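Hi there,

Here is the structure I promised to pass on. Have a look at it first, and my notes follow below.

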Amino acid sequence: MKKTLRAMLALIAATACAPGSAQASFMERDGAQAFVRELAERHGFDASIVSATLAAAAHEPQVIRLISPPTRAGVRSWQRYRARFLDRLRIDGGLAFWNSHEEDLRRASERYGIPIEIIVAIIGVETVYGRNTGNFETLSALATLAFDYPPRAELFRRELEALFLLAREQGRDPRSYYGSYAGALGYPQFLPSSVRSFGVDFDGDGRINFEAGPSDAIGSVANYLHAHGWQAGAPIAERARFDGVIDPAPLIAAGIEPALEPIVLAQAGVKTLDGSAPPATATLVDLETPGATTEYWLGYRNFYVITRYNRSSFYAMSVFELAEALRVRRSGLIAQQDAGPRRPPGRACATLP
Ligand SMILES: [Ca+2]
């Protein structure tokens, strides 16, 4: 009996430690020793501490499932995508967030030249204002992607390296971070390299923290957009009108970065809704929904800057539309409040007994 138990335990241990198996330590993976050496040589880390930290990380099968492209590619649908973000939760939540953090938002907007509603909308689309920041241990998620997901291994090894550097700079254990399955952190879902490059300590407590509250996130989102070339006061996007355009495909093929000069667009018959030539160099964005008319939009430089946060025209348009919805509703609410005291006292009292 005792012998059988020992044999079973040995078998379990052997299975758990077999190189390449899901349970094996990350230190058994191809490239792990080289990764540790790099951190030691490039950044002066103690190799034995990095090895021990990596060995403590766990392979997360769910991370691989979530990052993998769907086996059956779904049909792209702008209306379905849009409905996920232009909902009551994000609109009402956004107005409440704006009210609660107005001072930080105004300060960030003034310092970096970003409209408040764009900062709010990005945090809303990313995490519903901090409600869904993710529960994956970041070290394990990034180690899983770096060593067990070859298609993106290079990107995620860099992010894993950035996590070690960030933890050292912040005086934290690399195992103390939690976030999305792809390693994104806190309210704004910055990857560790983005926290290091674009994060700002906006509440002045001496450290960048995206978990305790939204202040640093508000400053950091604004700084990120500013650093990627946001043009203060310039247009973001507007609906396009086609006057005699035969085939918009070649214009769309020009890519997401604005490259179509106003004169080129006007000559091709692409105008703004009021029939004038686009005011700036633009990209032509097509938002397709099966069974519905495709929406065409002119995306200007600032639209492109939003795609630096997430490289998708659907994403950038959702941020833009949510921002517009928030701006319009808020100005409506403020107008209502302003109208209140100006109501004639006689009429206000008319219904009183
Ligand atoms: Ca801070």
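Among contacts in the chain with a separation of 6 or more, 68% are between residues 24 or more positions apart. Please keep in mind that this is a predicted model. As for the overall make-up, the chain has 17 helices and 6 strands, and buried residues account for 37% of its 353 residues.

Next, the core. The largest nonpolar core holds 88 residues, and within it Ile 119 and Val 319 touch the most other members. If you would like to click through the surroundings of Ile 119, leave aside its neighbours within four places in sequence: the residues in contact with it are then Leu 105, Ala 108, Ser 109, Ile 114, Ile 218, Val 221 and Ala 222.

There is also a helix pair to look at. Helix H6 covers residues 88–100 and helix H8 covers residues 116–127; their axes come within 10 Å and cross at roughly 125 degrees. An angle between 115 and 145 degrees counts as oblique, so H6 is oblique to H8. The crossing of the two helices is right-handed.

Which residues make the contact? From H6 they are Arg 90, Gly 93, Gly 94, Phe 97 and Trp 98, while H8 brings in Ile 116, Val 120, Ala 121 and Gly 124. Sorted by class, the contact of H6 with H8 has 5 nonpolar residues, 3 polar ones and 1 charged one. Glycine is counted as polar here, in case that tally looks odd to you.

Happy browsing, and best wishes!

Technical notes:
Residues numbered from 1 in each chain as written. Predicted model: local features only at pLDDT ≥ 70, side-chain atom pairs only at ≥ 80, totals over all residues. Axes fitted to C-alpha atoms, helices over the stretch in contact; angles between N-to-C directions. Helix = DSSP H or I, 4+ residues; strand = E, 2+ residues; numbered from the N terminus. Parallel < 35°, antiparallel > 145°, perpendicular 65-115°, else oblique. Left-handed = near helix turned anticlockwise from the far one by under 90°. Contact = placed C-beta atoms within 7 Å. Buried ≥ 20, exposed ≤ 12 C-beta atoms within 10 Å, placed from the backbone. Core = buried A, V, L, I, M, F, W, Y, C linked by C-beta atoms within 7 Å.
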